[in-house]
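Please look over the structure shown here, with attention to how one helix packs across a chain boundary and how one strand residue is placed.

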Amino acid sequence: MARAPNPTADGRALSERALYVYGVVPQTTPAELFEEVPGVDPSERVMLVNEGELAAVASGVSLDEFGEGPIESNLRDPSWLAEKARAHDRVLATAVGRTTIVPFRFGAIYRSEEQIRDLLRERTDLSATLGRLEGAVEFGVKAFVDRAVLRARLAAVGGPAGEPASTGRAYMQRRQLERRLDEDLARFEADCAHDSHERLSASAQQGHANTLQQPEGEDESRRMILNGAYLVRTDADRGFREALSALEREYADDGVQFDLTGPWPPYNFVADEERS
Amino acid sequence: MSTPMRRGEYGRSPISGREPAQLADVLERVLDKGIVIAGDIQINLLDIELLTIKLRLLVASADKAREMGIDWWEGDPFLKRGKENGAIEDRIKRLERAAGIDGGSRSEPDG
């Protein structure tokens, strides 16, 4: 759709408005849930657009900021994007644990409420997704390893790291041991990540292992080995937390640390299958 | 920037309010996950994807972010395109605040 031309040659005309949509909730959700949270345009109130059993969480934006031209350059501004992404998440996070949420990806912008209602009517899959996600939230679990600790531990298990390299032969032996240690390290990290993800997934409704956030070779004392997301029923989150505590206990001596984040809106559990 | 996340006026949810999230986690979810909806305004998702990668690298480590500093923004033709000069420092400050880096000390709680 083409953008309406700016009606005045000098100064700005009244800026055109549009609606930014954060996601979908059941129609029974009280609008007051979003009463105090600022939208991606902080001067706008977040509201619900109802249609049938569904309600879209939306707030007003200016086309000066979110129109096709402006948004293209704004998307290249990291601080703008960071700020708006945070605002998007904050709106949905407000309702986590209080209603069921189907989160949309950043940037669903509509011209009017009527067009949002059309969307809610057309996407018949949204109701099924809401049903599937009812009573569930997302937790993030990241595992980090301190390689110095793990290396020392593996070396202790594998016997003394070797004599001083006084002879060529001793040197070669030591090199060989080091190489083996590197392999052991990589294998342990992979096994630990796999074991952790399996066990966390088993205590959740669903699990999803994401790409590691850390580039290879960064920070040896805090190397990410797992970046998982888990869909957990709010009435069963104790089991999930227990599974995490067990992992923390078991792997602590190996230098592995687990970070829990959330509860999040179930961002990781709505994509793909719902795509039309 | 305040975080209006911990509020109790609608009754306690079964799960308590969460800690302020790290920017990398927010970006990963808001820009990469969630249902893709083709709204009325067309957004170039490829732009978002490229920028997400860069942002992730940046926020992976607070020290790294400082190291990269202004050079990182200025030296990147992708990010420089379509931007006026002069506001770069201001942008970094805003991003640092958003990332919870805030001046010299890291304010994100660890663990």
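The notes below cover a helix of chain A, its packing partner in chain B, and a threonine.

This is a predicted model, in which local features need pLDDT of at least 70, side-chain atom pairs count only at pLDDT 80 or more, and totals for chains, interfaces and linings use all residues. Residues are numbered from 1 along each chain as its sequence is written, chains are lettered from A in the order in which they are written, and side-chain values use heavy atoms, with hydrogens and water left out.

**Helix α3(A)**
- The 16 residues of helix α3 (residues 78-93) of chain A should span 22 Å at 1.5 Å a residue, and the end C-alpha atoms are indeed 22 Å apart.
- Of the 16 residues of α3(A), 15 are buried, that is, under 20% relative accessible area with a 1.4 Å probe and protein chains only.

**Packing against chain B**
- α3(A) packs on helix α1 (residues 23-32) of chain B at about 75 degrees, with the axes 9 Å apart, which makes the two helices roughly perpendicular (65 to 115 degrees).
- In contact (heavy atoms within 4.5 Å) are residues including A:Leu81, A:Ala85 and A:Asp89 of α3(A) and B:Val26, B:Leu27 and B:Val30 of α1(B).
- The residues of this contact divide into eight nonpolar, one polar and two charged.

**A:Thr261**
- A:Thr261 lies in strand β8 (residues 256-264) of chain A, and it counts as buried because its relative accessibility is 19%.
- The side chains of A:Thr261 and A:Trp264 are joined by a polar contact of 2.9 Å (a pair of N or O atoms within 3.5 Å, one able to donate a hydrogen and the other to accept it).
- Apart from neighbours within four places in sequence, A:Thr261 is in contact with A:Phe139, A:Gly140, B:Asp25 and B:Arg29.

Methods
Helix = DSSP H or I, 4+ residues; strand = E, 2+ residues; numbered from the N terminus. Expected span 1.5 Å × (residues − 1). Buried < 20%, exposed > 50% of the residue type's maximum accessible area, 1.4 Å probe, protein only. Axes fitted to C-alpha atoms, helices over the stretch in contact; angles between N-to-C directions. Parallel < 35°, antiparallel > 145°, perpendicular 65-115°, else oblique. Nonpolar A, V, L, I, M, F, W, Y, C, P; charged D, E, K, R; others polar.
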